[in-house]
Structures are given as C-alpha cells and as structure tokens.
Amino acid sequence: MGQPQPIRVLVAEDEMIIGYDLCDTVSEAGYLVEGPFDNLSSAMLAFQKSKPDIAILDVQLGDGIVYPLAEQMMAENVKVIFHSGQLTPNDVAIRFPDVEMLSKPCPPAEVIHSVRRAARHH
C-alpha cells in the first residue's frame, strides 16, 4: 500500500506577501501547496492542469472577481475557502452559503483550522 496522497491546496492571492505567507503556513502544516497565483488566468490554468483538493481564494484578484473560478471548482468537488479584505462575509454568504470565509489579515492558526476542516470533509 502506498502512502495516502497529500492533500493539495491551491492558493490564489494578488498581494504577493500575503500569498507567500499563506503558502508557507499551509505547507508547514503538511499540505502540498500550489501558488500563490495572483490572477484568475494563472489560477484557472493551474486548476485545469491538476485539480487541487482545497482552494484558498482571494475574492478580488488582479484581473477580476474569483467567483466564476470558485463555482467551477465547487462543481468539481474542490473545497473552497474565500480570503478577502474587501468583502464582508455576508456578500459572499448570500452567493455561496456553504463556503468558509477568512478575513484578511488572517492569523495562520485560523487558516490552518479552516484547511483542516475542509480536508476532513474532503
């Protein structure tokens, strides 16, 4: 029996410092990280190339709002966690009632907590 596959987490975040922080936090917790992608097109490409298990998505990326990508991911059973400084969780909750929402800046422990929760449901 091989090792269980590590859980893969895609990070899309247009503020690179935050993006790299998120990636470090998630990989230190033992997950396989892809990113950070700072625009929709690169995140979309990465997603199409190899589907992650979980995605942490900044709501507003360099080239637009991430909702269409989020919807596509959810349709393929990827667990999405939104990460945003602009939007109030309410706006997102109306459109995506089941999605977890982190506000920026988010403490690393809270990020890991969300990823773990998503991984459990995976």
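## Burial and surface

A residue counts as buried when its relative accessible area is under 20%. By that criterion, 44% of the 122 residues in the protein are buried. The structure is a predicted model, and the values below are computed from it.

The accessible surface of the protein amounts to about 6,600 Å². Carbon and sulfur atoms contribute 53% of that surface.

## Fold and dimensions

Five helices and seven strands make up the secondary structure of the protein. Read from the N terminus, the order of elements is β-α-β-α-β-β-β-α-β-α-β-α.

The radius of gyration of the protein is 13 Å, which agrees with the value near 14 Å for a compact globule of 122 residues. The C-alpha trace spans about 45 × 30 × 25 Å along its principal axes. Of the contacts in the protein with a separation of 6 or more, 62% are between residues 24 or more positions apart.

## Charges

The protein carries 9 positive and 17 negative charges. The mean positions of these two sets lie 8 Å apart.

## Surroundings of R8

R8 belongs to strand β1, which covers residues 8-12. Its relative accessible area is 18%, so R8 falls under the 20% limit and is classed as buried.

The side chain of R8 makes a polar contact of 2.8 Å with the side chain of S50. Leaving aside residues up to four places away in sequence, R8 touches L32, E34, S50, K51, P52, D53 and I54. S50 thus appears both in this list of contacts and as the side-chain polar partner of R8.

Conventions:
Residues are numbered from 1 along each chain as its sequence is written. This is a predicted model: local features need pLDDT of at least 70, side-chain atom pairs count only at pLDDT 80 or more; totals for chains, interfaces and linings use all residues. Side-chain values use heavy atoms; hydrogens and water are left out. Helices (H or I, at least four residues) and strands (E, at least two) are DSSP runs, numbered from the N terminus. The radius of gyration is taken over C-alpha atoms; the globule rule is 2.2 Å times the number of residues to the power 0.38. Buried means under 20% relative accessible area, exposed over 50%, partly exposed in between (1.4 Å probe, protein chains only). Contact means heavy atoms within 4.5 Å. Accessible areas come from the Shrake-Rupley method with a 1.4 Å probe; for residues, only the protein chains shown count as cover. Lys and Arg count as positive and Asp and Glu as negative; His and the chain ends are not counted. The place of a charge is taken as NZ of Lys, CZ of Arg, CG of Asp or CD of Glu. A polar contact is a pair of N or O atoms within 3.5 Å; within protein, one must be able to donate a hydrogen and the other to accept it, and residues adjacent in sequence count only if both atoms are side-chain atoms.
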